[in-house]
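Q: Please take a close look at one helix in this structure. I am new to it and would like a connected account of what that helix touches and where it sits in the whole.

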Amino acid sequence: MSTVLSIIVALAFFCLIIVIHEFGHFIVAKACGIRVDEFAIGMGPAIFKKQGKETLFSIRLFPIGGFCSMGEDVDEDTPDAFRKKPVLSRIATIAAGAVMNLILGFILSVIYILVSGRVVTSTIVWFSDDAVSSGYGLQYEDKILKINGVKIYSVKDITYQLGNDDDGIVDFVVKRNGETVNVNGVRFATKLDEETGKKTLIYDFKVASIDVTAGNLLPYSFKNSIYYGRIVLMSLRDIIRGKYGINDLQGPVGIATVIGDVAEDNGFDISFLLDIATLVTINIGIFNLLPIPALDGGRLVFLIIEAIRRKALKAETEGMIHFVGFAALMLLMIFVTFNDVKNIFVK
């Protein structure tokens, strides 16, 4: 598959993820009797509109988001108005988008594993002839439980933890002969990246892969979803700590470009695309739950406060706070998209 077509497929996946998110809001709002004024995919000027019985359905020019407009920041006297419904109904409606993303992430994990045909365990089955780690306590058939205190859910956890190690000295917790064993101070050979000056650890063992069965499909799919959820949270933590800067962020264009580059270098791989889609949908689900104005998490904060104090903030005040948050997010999205486009032409 060509790079251009791969990018188109990636953008289509992104739009599907947004549709699922907004559909979560939509279907729960309808179930709670809340009026939905508009269901939109994309941002910016509308390029397609269709008026339903109650809701305007639209597709907008820029595929960088979407929205389900329910009049959240307007005081109305009609019985189907958002702010007239019980607070628990509103909490369920706002949370439904992120929940749908997390459910979709699990479903995509199931499909990914089915397409791959095998699941990769955390049990060591091979060491290289010049393996350093085996001389410091790791053994054949050790099942890795933790690395540097971090619980291991999938082989991707192993790759991530070892790939982010700085000194080549790692603490393991393994299951060996039915017992939990601490194996501390395991050393690995390292190599120096001449461009960045950073040392990277050399993997000198492999773990077992097994056939997919009815018994292991769902557990490993769940573990894959947990891995990506934790990676998203750890990445957010690293951004706050300053490990990553704003220039390291990528939006839909950047993600699509990465997929296109992989397709150009290695050929189109549906497993890779499914794996990336799993990461993106879980990322969107978790990001939307952050307590930031204009995001679902920000709205949930106001609803939880309302439930506690039994009194809602004025619609105008809450609306202004969310407007400021939305404007800031749009500026960030414009900056990230500009960077993504620039990086296509300037490596």
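A: Helix axes here are lines fitted to C-alpha atoms over the stretch in contact, and an angle between two of them runs from 0 to 180 degrees between their N-to-C directions. The model is predicted, and the helix chosen is H4, residues 217-241.

First, the setting. The protein chain has eight helices and ten strands. Its C-alpha atoms fill a box of roughly 75 × 45 × 40 Å along the principal axes. Of its 347 residues, 40% count as buried. Among contacts with a separation of 6 or more, 65% join residues 24 or more positions apart.

One partner of H4 is H2. The two axes come within 8 Å and cross at roughly 120°. That angle makes H2 oblique to H4, and the crossing is right-handed. On the H2 side, the contact is made by Gly105, Phe106, Ser109, Val110, Tyr112, Ile113 and Leu114. H4 brings Leu217, Leu218, Tyr220, Ser221, Phe222, Asn224 and Ser225. By type, the residues of this contact divide into nine nonpolar, five polar and no charged.

Another partner is H6, residues 270-288. Here the axes come within 9 Å and cross at roughly 55°, which means that H4 is oblique to H6. This crossing, too, is right-handed. H4 takes part through Asn224, Ser225, Tyr228, Gly229, Val232 and Leu233. From H6 come Asp275, Thr278, Leu279, Ile282, Asn283 and Ile286. The residues divide into six nonpolar, five polar and one charged. Asn224 and Ser225 of H4 thus appear in the contact with H2 and in the contact with H6.

H4 also has a place in the chain's interior. In soluble globular proteins, nonpolar side chains tend to be buried together. The largest nonpolar core of this model holds 30 residues, of which Val36, Cys68, Met70, Ile94, Ile113, Val280 and Ile284 touch the most other members. The elements giving two or more residues to this core are H1 (3-31), strand S1 (38-51), H2 (87-116), H4, H6 and H7 (296-309). H2 supplies the largest share, eight residues. Ile113 of H2 is in the contact with H4 and is also one of the core residues just named.

Met70 gives a view of another part of that core. Leaving aside neighbours within four places in sequence, Met70 is in contact with Ala29, Ile34, Arg35, Val36, Asp37, Phe82, Thr93 and Ile94. A second, separate core has 18 residues, including Ile158, Leu162, Val170 and Val183.

Note on methods. Residues are numbered from 1 along each chain as its sequence is written. This is a predicted model: local features need pLDDT of at least 70, side-chain atom pairs count only at pLDDT 80 or more; totals for chains, interfaces and linings use all residues. Side-chain values use heavy atoms; hydrogens and water are left out. Helices (H or I, at least four residues) and strands (E, at least two) are DSSP runs, numbered from the N terminus. Angles under 35 degrees count as roughly parallel, over 145 as roughly antiparallel, 65 to 115 as roughly perpendicular and the rest as oblique. A crossing is left-handed if the near helix is turned anticlockwise from the far one by less than a right angle, and right-handed if clockwise. Contact means heavy atoms within 4.5 Å. Ala, Val, Leu, Ile, Met, Phe, Trp, Tyr, Cys and Pro count as nonpolar, Asp, Glu, Lys and Arg as charged, and the others, Gly among them, as polar. A nonpolar core is a set of buried Ala, Val, Leu, Ile, Met, Phe, Trp, Tyr and Cys residues joined through side-chain atoms within 4.5 Å. Buried means under 20% relative accessible area, exposed over 50%, partly exposed in between (1.4 Å probe, protein chains only).
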